[in-house]
Amino acid sequence: MIEIHYPEEQKIFCPVCGIMIFSFGEEGQLNAELVMNDCSHLQFLGTNDSKEIDKNDWYAQHEYSVDDLDFLDYLKKTLGDDYVCFIQCSGAPAMLCGYIIFKFTEGRKMDVPFVGDVI
Ligand SMILES: [Zn+2]
């Protein structure tokens, strides 16, 4: 899994299709609402503490895994380099980290004709 550390409170766009996936809302607005969108590349949207979108049940798999790894280490160990994780952490002492994970082979797969891969 490729990690990209991103400044806190920056909007995150899908690098493939350009959809704004996550935003803390407009700057200066008191009651700014979190914006969360989905696209076909997005696999996970959450934190080390909770999940909003988890298309592969990684969060549950981590909870039931026998390894005593924190969530990010578990993902790093589990996912290959076709996954890219955008990481945003808030400063100490809270250290809440947001993870937004895309899979970038997803689009390419749809572009090639289906040849019926038999496993
Ligand atoms: Zn996308």
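Select Y6 to begin: in this predicted model, Y6 is partly exposed, with a relative accessible area of 31%. Now add F86, which at 5% relative accessibility counts as buried.

Display both rings. The structure holds 9 aromatic pairs, and Y6 with F86 is one of them, in an edge-to-face arrangement with 5.3 Å centre to centre and 75° between the planes. This pair links distant parts of the chain: Y6 sits in the loop between β1 (2-5) and β2, F86 in strand β7 (residues 83-89), and 80 residues separate the two.

Next, select F44 and W58. Their ring centres are 6.4 Å apart and their planes stand at 35°, so this pair is tilted. Here too, distant parts of the chain are linked, with F44 in strand β5 and W58 in helix α1 (residues 58-64), 14 residues apart. Are F44 and W58 buried or exposed? Both are buried.

Extend the selection to Y59, F71, Y83 and Y99. Together with F44 and W58, these residues form a cluster linked by ring pairs.

Keep W58 on screen and add D54, which lies in strand β6 (residues 51-54). A polar atom of the D54 side chain is 3.0 Å from the backbone nitrogen of W58. Show D57 as well: its backbone nitrogen is reached by the side chain of D54 at 3.2 Å. Which side chain of opposite charge is nearest to D54? It is K51, 5.2 Å away; D54 is buried yet has no salt bridge. The cut-off for a salt bridge is 4 Å, so K51 does not qualify at its distance of 5.2 Å.

Finish at the zinc ion. Select C14, C17, C39 and H41: the three cysteines contribute SG and the histidine ND1, and these protein donors lie 2.0 to 2.4 Å from the ion. Which arrangement do the 4 donor atoms make? The angles they subtend run from 103 to 122°, which makes the arrangement tetrahedral. Along the sequence, the spacing of the donor residues is C-x2-C-x21-C-x1-H.

Trace the backbone from C14 to H41. C14 is in the loop between β2 (12-13) and β3 (20-23), while H41 is in the loop between β4 (35-36) and β5 (42-47), so the pair ties together parts that are 27 residues apart in sequence. Colour these two by accessibility to end the tour: C14 is buried at a relative accessible area of 2%, and H41, at 5%, also counts as buried.

Key:
Residues are numbered from 1 along each chain as its sequence is written. This is a predicted model: local features need pLDDT of at least 70, side-chain atom pairs count only at pLDDT 80 or more; totals for chains, interfaces and linings use all residues. Side-chain values use heavy atoms; hydrogens and water are left out. Donors are N, O and S atoms within 2.8 Å of the metal (3.2 Å for Na, K and Ca); water is not among the atoms, so sites may look incomplete. Four donors count as tetrahedral if all angles lie between 85 and 135 degrees; four count as square planar and six as octahedral if opposite donors are over 155 degrees apart and all others between 65 and 115; anything else is irregular. Helices (H or I, at least four residues) and strands (E, at least two) are DSSP runs, numbered from the N terminus. Buried means under 20% relative accessible area, exposed over 50%, partly exposed in between (1.4 Å probe, protein chains only). Rings of Phe, Tyr and Trp (its six-membered ring) pair if their centres lie within 6.5 Å; planes under 30 degrees apart count as stacked, over 60 as edge-to-face and the rest as tilted. Lys and Arg count as positive and Asp and Glu as negative; His and the chain ends are not counted. A polar contact is a pair of N or O atoms within 3.5 Å; within protein, one must be able to donate a hydrogen and the other to accept it, and residues adjacent in sequence count only if both atoms are side-chain atoms.
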